[in-house]
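The following exercises concern the spaces, the ligand shell and the ring pairs of one structure. Each task is followed by a worked solution.

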Amino acid sequence: MAKVYITRPIADEALALVRGAAQISLWPNPDVPPPRDVILAEVRSADGLLCLLTDAIDAEIIAAGENLRAISNMAVGYDNIDVPAATARNILVCNTPGVLTETTADLAWSLIAAAARRIPEADRYLRAGRWKSWSPQLMLGQDICGSTLGIIGLGRIGQAVARRAKGFNMRILYADLAPKPDAEEALGVRFAELHELLRESDIVSIHTPLTDRTHHLIGARELALMKPSAVLVNTARGTVVDGKALADALREGRIFAAGLDVFESEPPALDDPLLQLDNCVVLPHIGSASVDTRTRMATMAADGLLAALEGRRPPYLVNPEAFSL
Ligand code: GLV
C-alpha cells in the first residue's frame, strides 16, 4: 500500500478517501504546521504528500522523498512548492483550482465593502462606547456603487470579482499579462496598463498568482499613482504588495484604506505597522474558508493525489510535463 503524509487534519471525507487507498501519516495539530524537520523526515518514506500553502516544499525536501511520486497542494496557489525541482524528479504536482473561485470572490467583496465603508473601525467605535449620536460627519467612507474597479489579474477569481461588480454598476478595468478579449466581451471589462489602472481606479483588487514577476508588484511607486480616496484589497498573496510601503501610504493618507487577507509573513507580527492602522482591515487568510469550499478543496486534493499514485492523470496537474503513461 502507498504511504501518504498529510500535513494537517483536513475534512473527514477527504481523509477517508485517502485512507481507503493508502497508509496515512498525519500531522495532528489543526492550527500549527509541522516543522520543516518533521516534513523532511516524513517524506523519506512517503509515496505521496498532501500539503498546504503553509508548507514550504523546497528542493531539499523534494530530494529527500526518494519514493515520492505526487505532491497535492490543498490550495489553488502553489508558490510554496518548488515545481521545477519536482518536475526534474518526475513528481506530479496537483492543486485545487475552480472550487474556491466564488468563495474567494465573495471574501474579496467583503473586504472591499469593509475597507471602503470602514465597517470594522465603526464596529470598534460603537463597542468602545464612543458613539454619541447620528452625526453628519461620522465614519464617512467611499462609495462603491458607480465607481471604477481595477482588477489586477483577470483569472478565475478576478473574473468572479468582476461579475459581482456589475451589480454595483461599476466601470471595470483590468491589468494582466495580455488582453483577454473573450472576458472583455463577456464581462464588459477594459484592459489597462497597470499604471493607468492604478491612476484611474477607486478600488483596486489583486488576484494574481505570486511569481517572480508579481513579487512586490505594488510598491511605493505604484501606491503613489493611486487616488487619495482609493481602496486596495489583496486576497492573493502577501508579497505581491510591499507591506512597508503600503503601511506608509495608509498612515500618511496617500490612499484611503486597504483590506488584506494575506501578508508578507503569515501570521504578521503583532507590531506589524499594518496592524496598527485603523484604515487597514485585516483577516487571517480566510479567502476560501467556507465549510463547503474547504471540504471540496480537501476532497479534490485527495482525489488528485490518489490519481497520481495510481498512475492516472490527475485532473489538475501543475506540471503536466512530468506525467507519462
Ligand atoms: C489560497 O490562498 C489558495 O491558494 O488556495
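On a 1 Å grid over the protein atoms alone, a pocket is an open set of points with protein on both sides within 12 Å along at least five of seven lines, whereas a cavity is a set of points where a 1.4 Å probe fits but cannot get out; lining residues have an atom within 4 Å of a point. Grid points are joined across faces, edges and corners, and a volume is the space filled by probe spheres set on the points. The model is predicted: local features need pLDDT of at least 70, side-chain atom pairs count only at pLDDT 80 or more, and totals for chains, interfaces and linings use all residues. Residues are numbered from 1 along each chain as its sequence is written, and side-chain values use heavy atoms, with hydrogens and water left out.

**Exercise 1.** Describe the second largest pocket by volume and by lining.

*Solution.* Step 1: the second largest pocket holds about 170 Å³ of space. Step 2: its lining consists of A122, Y125, L126, W131, W134, S135, L138 and M139. Step 3: sorted by class, this lining has 7 nonpolar, 1 polar and no charged residues (Ala, Val, Leu, Ile, Met, Phe, Trp, Tyr, Cys and Pro count as nonpolar, Asp, Glu, Lys and Arg as charged, and the others, Gly among them, as polar).

**Exercise 2.** State which residues surround the ligand and find polar contacts, that is, pairs of N or O atoms within 3.5 Å.

*Solution.* Step 1: the residues around the ligand, with a heavy atom within 4 Å of it, are L53, A75, V76, G77, L100, R237, H285 and M297. Step 2: this shell comprises 5 nonpolar, 2 polar and 1 charged residues. Step 3: a backbone N or O atom of V76 is 2.8 Å from a ligand oxygen atom, and a polar backbone atom of G77 is 2.9 Å from an oxygen atom of the ligand. Step 4: from the side chain of R237, a polar atom lies 2.7 Å from an oxygen atom of the ligand.

**Exercise 3.** How many aromatic pairs are there, and how are the rings of W109 and F168 arranged?

*Solution.* Step 1: rings of Phe, Tyr and Trp (its six-membered ring) pair if their centres lie within 6.5 Å; planes under 30 degrees apart count as stacked, over 60 as edge-to-face and the rest as tilted. Step 2: the count is 2 aromatic pairs. Step 3: the ring centres of W109 and F168 are 4.6 Å apart and the planes lie at 5 degrees, so this pair is stacked.

How values were computed:
Polar contact = N/O pair within 3.5 Å; in protein donor to acceptor, adjacent residues only side chain to side chain.
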